[in-house]
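This briefing is intended for a reader meeting the structure for the first time. Please keep the sequence and the model at hand while going through the points below.

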Amino acid sequence: MRENVPPHPIYLDPAAPLAARVQDLLARMTVEEKAAQLTSASLRLSAATEEGLAEVGLQVRERLTHGIGQIENTFDPRTPRQSVEEVNALQRLLREETRLGIPALIGSECLHGHVGSQSTIFPVPLAMASSWNPALVRRAFDVTAREARARGSHEAHTPVVDLGRDPRWGRIEETYGEDTWLVTQMGLAAIAGLQGGMAGNPGRSHVIAAPKHFAGYGQVSGGRNFAATPIETKTLWDEILPPFAAAVKVARAQGIMASHGEVGGVPAHGNRWLLTDLLRDEWGFEGMVVSDYYDILRLDEFHHVVASLDEAARLALIAGMDLDLPAGAAYCRLPAVIAAEPALEVDLDRSVSRILRLKFRLGLFEDPFVDATAAESIVGCGAHLAVAEELAAESITLLKNAGDLLPFDLAALRTIAVIGPNAASIETGGYSMTNDHVVSILAGITQYVGARARVVHAEGCRIGAVSYENHETVFRAHPLAGELAAIGAAVEVARRADVAVVCVGGNTRTSTEAFYLAGIKGDRATLGLLGNQEELVRRILATGTPTVVVLMGGRPYAIPGIAGQAPALLNTFYLGQANGAAVARVLFGDVNPSGKLPITVPRSVGQLPMYYSQKAESFYKDYLDEAPGPLFPFGFGLSYTTFEYSDLQVGQPTYRREESVRCRVTITNTGRRAGAEVVQVYFRDLVASVVRPAKLLVRFEKVFLQPGEARELTFELSPAKDLSFTGIDLQRVVEPGEFELMVGSSSADIRATATFALC
């Protein structure tokens with residue numbers, strides 16, 4: 001395989017064509033060196049805390065004899081300078097002490113900010129999606145990419161474009177919600193931000209985006225992580241795959257991370273139809289496919305579709321899996337696998353070429369090093385903090401505001417009570433690390449108010465205790481009797497205050513990614529508030545003090561009692577480092593809330609599955625023992641002002657199926673405050689050959705208006721892309737017939753309708 005190698009290395013010539021550099025280097029490599037490019041090593045080991053970071057670095061160095069494809073530097077606990085020094089040292093070792101001097105990709109987590117100490121922390125994706133502002137989300141991921149690259153990273157295991165439709169799932173906060181169109185737009189924004197645009201070239205300042213989990217991972221049965229993912233074929237094509245197709249075709253993502261689960265009964269990590277036939281041959285994906293952690297190994301240990309680690313490596317390689325994360329546990333067997341079956345070296349070369357191509361495009365062969373001083377000036381800088389606060393403020397959703405309790409008139413207040421187990425919380429959500437700028441709700445209100453009013457605090461109760469015992473996560477609620485005194489103290493604080501802000505919900509111990517083989521649980525069987533939180537809220541409300549309930553945590557909460565009784569209700573999920581500052585600005589009216597729910601909130605867990613776009617079955621009935629409909633519908637969110645929709649017009653009554661459908665609507669701010677409204681456009685196929693959803697989101701636009709200001713919005717739909725579906729014969733089809741267009745403020749608040757036909 002190494003005959004006719006040019007004496008002068010073409011791969012070291014930056015002026016040579018990229019393809020020629022790849023082929024020249026590949027021709028010089030041994031099987032062991034090639035296999036090493038498909039493996040990885042991780043700086044995130046248990047030894048990081050037990051033995052110190054230096055020991056971790058030594059363990060990684062032992063893996064670099066033949067080079068390496070990627071070094072995982074996720075959940076980086078170092079300062080920016082320390083991080084740069086560590087990855088520079090590893091790159092220097094690869095350049096100077098391996099035969100071919102091939103640099104490594106550095107992998108990272110960037111779910112809502114680069115996951116490293118002192119990096120800027122944005123709202124979690126479910127909160128980001130509540131902003132319904134893709135342009136702002138793109139800015140956040142541009143910041144994320146620049147901070148990650150400044151610390152030496154090149155690839156981000158981000159964004160999650162799974163649909164989040166089961167709030168029991170501990171990873172629901174990592175998604176952009178339940179709707180295909182909304183998830184697609186947020187995913188495109190994230191990829192464009194990470195890669196520095198939609199040209200597919202991160203250059204020297206941005207990173208490779210690897211959207212995940214391809215495909216269908218969010219549809220785990222019962223909301224249980226790692227459970228089976230049975231997905232009906234039409235659902236797969238019409239709802240699950242489109243965000244990934246857009247990531248590849250529109251945003252030109254250069255990475256894809258495969259799903260833990262199976263597609264059509266075949267595990268994603270060994271699914272050639274998924275990773276090669278569809279992703280590469282049909283969609284034209286040109287980047288690298290990376291494994292989710294240990295999932296090639298799990299083809300043997302978890303899915304049992306092979307009988308050995310060698311067979312797992314062989315199956316994944318043939319399927320089109322390029323990089324084995326986080327430690328090459330399966331692909332370290334590739335030299336032996338190929339020795340037994342030499343024809344597989346063709347598949348090996350194909351995957352190695354993909355990884356080398358990215359390394360050349362990133363400029364790593366010319367300069368794999370980063371500057372520590374530059375990293376210190378970029379990471380967590382003031383401009384980045386401002387973007388985090390702007391996105392946090394736009395991500396807050398006002399769910400109730402009886403009697404216009406909000407915004408508070410600070411001039412009329414003397415004492416403000418801030419109560420609850422999440423009042424002083426500095427949690428920022430999963431897949432994040434702390435920095436020096438995290439602001440709790442209590443701190444945010446205190447800083448905002450200053451000397452103009454007195455802020456008093458009481459915890460009231462705790463969420464509950466989570467421990468890890470005998471290799472199993474255990475949750476224990478605190479008995480009510482043991483918390484009556486603390487609840488009573490909180491009630492007295494509220495009784496003596498002019499207003500109360502009660503902060504309840506969850507934390508990252510009660511809602512998190514579950515690892516069942518390790519006994520780590522994070523999914524929920526119920527959706528109420530854990531512990532004695534509801535009792536605390538009821539007793540605070542009974543004081544008669546005007547009260548705002550703030551919901552904070554990684555999932556929606558089914559709280560019909562609180563929603564019915566509390567005069568005002570704010571939903572935040574996790575807002576990142578600017579949590580308290582953003583909440584304060586909304587409470588006191590500096591910011592008019594403009595968030596909308598990206599997910600349906602049920603009244604009880606028994607209503608699940610509950611998402612707005614379920615099929616329109618005329619015989620469907622509600623439950624005997626539960627009120628009909630959701631607690632809060634998809635797309636819902638209130639404002640301190642009001643908006644009027646008028647003059648919805650479709651360009652013409654009938655369109656040919658190859659024509660674009662055009663419509664326009666006027667939106668007017670009819671209140672006395674400036675504000676933003678998310679105008680949502682849905683459609684319904686009145687008659688179709690298969691059962692279709694009752695309505696589907698097809699466009700949205702967030703529009704900012706001054707009091708009295710009106711604006712005409714125009715939307716253009718492509719029948720082939722927007723109105724088509726998978727038909728009876730499993731082919732994409734655009735059927736003739738009538739369609740209803742619905743424009744409104746939420747999926748349940750349609751303000752104007754119109755019809756048109758396709759012929």
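Across residues 46-52 of this predicted model, pLDDT remains under 50. For this stretch the model has 6 contacts beyond four places in sequence. The chain as a whole has a mean pLDDT of 95, and 97% of its residues reach 70 or more.

**Salt bridges between distant parts of the chain**

- The structure contains 46 salt bridges.
- One of them pairs K34 with E345, with 2.7 Å between the closest N and O atoms. Because K34 belongs to helix α2 (residues 31-37) and E345 to helix α15 (residues 345-361), this pair ties together parts that lie 311 residues apart in sequence. Both K34 and E345 are buried.
- Another salt bridge joins the side chains of R171 and E513, at 3.1 Å from N to O. R171 sits in the loop between β4 (155-156) and α8 (180-195), while E513 sits in the loop between β15 (499-505) and α20 (533-542); the two are 342 residues apart. R171 and E513 are both buried.
- R354 and D322 also meet through their side chains in a salt bridge, at 2.8 Å from N to O. Here the link runs from helix α15, which holds R354, to the loop between α13 (309-319) and α14 (334-340), which holds D322, and the two residues are 32 apart in sequence. R354 is buried, as is D322.
- In addition, R252, E286, R357 and R361 are joined into one network by salt bridges that share partners.

**Cysteines**

- The number of disulfides in the structure is 0.
- C110 takes part in no disulfide, and the nearest cysteine sulfur, which belongs to C381, is 16 Å away. C110 counts as buried because its relative accessibility is 0%, and buried means under 20%.
- C332, by contrast, has a relative accessible area of 47% and is therefore partly exposed.

**A nonpolar patch on the surface**

- Y468, F515 and I520 make a nonpolar surface patch of about 250 Å².
- Within this patch, Y468 comes from strand β13 (residues 465-469).
- Is Y468 buried, partly exposed or exposed? Its relative accessibility is 45%, so Y468 counts as partly exposed; that class lies between the cut-offs of 20% and 50%.

Notes:
Residues are numbered from 1 along each chain as its sequence is written. This is a predicted model: local features need pLDDT of at least 70, side-chain atom pairs count only at pLDDT 80 or more; totals for chains, interfaces and linings use all residues. Side-chain values use heavy atoms; hydrogens and water are left out. Patches are made of residues with over 30% relative accessible area and no salt bridge: like charges are joined within 9 Å, nonpolar side chains (Val, Leu, Ile, Met, Phe, Trp, Tyr) within 5 Å. Accessible areas come from the Shrake-Rupley method with a 1.4 Å probe; for residues, only the protein chains shown count as cover. A salt bridge is a side-chain nitrogen of Lys or Arg within 4 Å of a carboxyl oxygen of Asp or Glu. Helices (H or I, at least four residues) and strands (E, at least two) are DSSP runs, numbered from the N terminus. Buried means under 20% relative accessible area, exposed over 50%, partly exposed in between (1.4 Å probe, protein chains only). pLDDT is the predictor's confidence in each residue, from 0 to 100. Contact means heavy atoms within 4.5 Å. A disulfide is a pair of cysteine sulfur atoms within 2.5 Å.
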